[in-house]
Amino acid sequence: MLEEQPSAADLDLIAEFEPRFEMLDANSLVALAENAPLGDGGVHASNLLAQALEKDPHNHAAHLLKEQLHQMFVPRWHFPMLADTVRNQAYAKAIAAKVQPGDIVLDIGCGAGLTAMLAARAGAKHVYAIEGQPLIATAAKQVIADNGLSDKITVLSKWSHELVIGEDLPDRADVVVSEIVDSNLLGEGALATLTHAMEHLAKPNARAVPESGTLKAQLVESAALRNQYRPLEAEGFDLSAFHKFANVAQVTPNDSAACGLRPLGPTSDLFHFDFTRPDMSHGKTTLPLFCTTMGTAHAVVVSFDMVLAPGISVSNDLNTDGHWGRFSYLLEQSTPVSVGSQVTITAQHDATKLSVSIHDTTPAERPIIWQRGVNSRSTFAPVPEATTSWFVPDTQETPSSERPVH
Ligand SMILES: C[S@@+](CC[C@H](N)C(=O)[O-])C[C@H]1O[C@@H](n2cnc3c(N)ncnc32)[C@H](O)[C@@H]1O
C-alpha cells in the first residue's frame with residue numbers, strides 16, 4: 001500500500017536534495033531509484049531516473065523502472081478517457097455554458113489539464129487545477145504551459161480535501177468542475193470529494209459540472225458474456241463449481257462490442273445524486289426490471305447518466321461507446337423471459353461502493369455483491385470519511401417514491 005502523500009514542503013525538500021546525486025553514474029542512480037520510498041507518489045524515484053537517463057539515454061533498467069512507476073501512478077484509463085471525444089465535447093460545451101467571465105474555477109482532479117484548459121478558454125478569471133497524483137500534476141503543468149495558459153491556471157499537487165481557502169485559493173470557487181466518476185459513478189470517491197468541496201471550497205450557490213448523476217439497471221441477453229464468465233465445460237470437464245466466483249463481469253467497451261449485449265427491457269433508475277448539494281448518505285432500493293421483448297436473461301447491466309449542464313450529459317449505457325466500462329451482474333442461471341416478465345433486484349450504495357443482488361432466479365437469493373471502480377476507472381484518491389471496511393451495514397430502505405421505474 002502507498003504511504004501517505006508528502007506535504008508541499010516535503011516535495012520541495014526532495015527537489016532540493018536532488019543535486020546531491022549528480023556525481024553518481026547512471027547505474028548507481030537506478031539503484032537508488034529502485035530503493036526510493038514511493039510515499040511521495042514516485043516523484044523522487046522519477047527524478048533519479050531522469051538523471052540516470054540524462055547520463056545514459058539507453059539505460060534499459062532506467063527505462064524499465066520509469067515505465068513501472070508510470071504504470072503504478074498514472075492509471076491506464078487516462079489515455080482512452082482523453083481520446084473519448086464524446087466525453088470531451090460534452091465537457092467543453094458544459095464548461096462553456098457554466099463558466100462566466102470573472103469566475104474563479106476549481107477543477108478537482110485535473111489529470112492532464114484538459115478540463116482546466118476548457119475552463120480557462122471559457123473565460124474564467126483564474127482556474128485552480130487540483131491533482132492528487134504528483135507525477136500527473138507535473139505533467140499537467142507542462143501541458144498547460146505548452147498551451148500558453150500558465151498565467152490563467154495554477155496547478156496544485158494536492159488532494160482537494162487538503163486545500164485551504166486563503167492559502168491555496170484566494171477565495172471560494174464560483175464553479176467546481178470535476179470528472180471523477182468510474183463505471184458505477186461512485187468508485188473514484190466523487191460523493192465524498194464533492195460533498196467536501198461544495199461545502200468548504202465553493203461559494204454558496206456555486207455552479208457545478210457535473211450537476212447530477214443517476215445510476216440505472218437493465219436486463220440483458222448475452223450468451224457470449226455468460227460463456228466467457230461461466231463456461232459450462234472445458235475439454236469435457238464440468239466447471240460449474242467454479243462459477244460462484246464469477247458473479248460480476250467487468251465489461252470493457254471492447255468486451256461490450258464482442259459480447260453483443262442485447263437489452264431485454266428499458267433501464268430502471270436506481271439512485272440519483274445531486275452533485276451541487278451532494279451528501280454521503282447510503283441508499284438502498286428493491287425494484288423490478290421489466291422485459292419488453294422475448295429472450296434469455298443472462299445479466300443485469302448497471303450504467304449511469306451524468307448531467308454536466310442543462311441539456312448536456314454523458315453516459316455509459318448500452319447506447320453509447322465511450323471509454324467507461326460497465327459492471328454486469330450475472331444471473332445464476334440463464335432465464336427465459338417474455339414481454340412483461342420481470343426480475344427483481346436489490347441495489348445498495350455507500351459513498352464509494354455499489355452492490356447489487358438479484359432475486360428470484362434461483363431457489364436461494366444470491367448474496368449481495370459489493371463492487372467499486374476496479375475495472376476501467378479506479379484511482380488512488382484517499383476518500384475522506386468514507387468507510388474503509390469491506391463490510392457496510394444495512395441501510396434504510398429508500399421510500400418507493402424515490403425508486404422511479406421507467
Ligand atoms: C478521471 S481523471 C479526469 C482528468 C481531467 N479532469 C479530465 O476530465 O480530463 C481524474 C483525476 O482526478 C484525480 N483526483 C481524483 N480525486 C481527486 C481529489 N479529491 N483531489 C485531487 N485529485 C483527484 C485523479 O488522480 C485523476 O488524475
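Which residue in S3 is the bridge partner of Val127? In this predicted model, the partner that Val127 finds in S3 is Ile153, and this pair offers a convenient way into the sheet. Strand S2, which covers residues 126–130, pairs with S3 in the parallel sense, and four bridges join the two strands.

From this pair one can widen the view to the whole sheet, which is open and built from five strands in the order S3-S2-S1-S4-S5, with parallel pairing. Its edges are formed by strand S3 (153–156) and strand S5 (202–209), each of which pairs on one side only. Between neighbouring strands of this sheet the turn is 25 degrees on average, with direction ignored. Helix H6, made of residues 85–98, lies across strand S4 (173–178) and S5, and its course runs at about 150 degrees to S5.

Helix H2 (residues 26–35) can be followed next, through its contacts with two other helices. Two packed helices are described by the angle between their axes and the distance between the axes. For H2 and helix H4 (residues 60–73), the packing angle is about 25 degrees and the axes are 9 Å apart. An angle under 35 degrees counts as roughly parallel, and H2 and H4 are therefore roughly parallel to each other. H2 passes H4 in a left-handed crossing, where Ala26, Val30, Ala33 and Glu34 of H2 meet Ala61, Ala62 and Leu65 of H4. Sorted by class, the residues of this contact of H2 with H4 comprise six nonpolar, no polar and one charged.

With helix H3 (residues 43–55), the axis of H2 comes within 8 Å, and the two axes cross at roughly 165 degrees. Because angles over 145 degrees count as roughly antiparallel, H2 is roughly antiparallel to H3. The crossing of H2 and H3 is left-handed. On the H2 side the contact is made by Ala26, Leu29, Val30, Leu32 and Ala33, and on the H3 side by Ala45, Leu48, Leu49, Gln51, Ala52 and Lys55. The contact of H2 with H3 contains nine nonpolar, one polar and one charged residues.

It remains to consider the confidence of the prediction. The protein averages a pLDDT of 87, and 83% of the residues score at least 70. Over residues 9–14, however, the pLDDT is below 50, and this stretch has eight contacts in the model beyond near neighbours in sequence. Residues 378–406 also stay under 50 in pLDDT, and for them the model has 51 contacts beyond four places in sequence.

Technical notes
Residues numbered from 1 in each chain as written. Predicted model: local features only at pLDDT ≥ 70, side-chain atom pairs only at ≥ 80, totals over all residues. Pairing = 2+ DSSP bridges. Axes fitted to C-alpha atoms, helices over the stretch in contact; angles between N-to-C directions. Contact = placed C-beta atoms within 7 Å. Parallel < 35°, antiparallel > 145°, perpendicular 65-115°, else oblique. Left-handed = near helix turned anticlockwise from the far one by under 90°. Nonpolar A, V, L, I, M, F, W, Y, C, P; charged D, E, K, R; others polar. pLDDT = per-residue confidence, 0-100.
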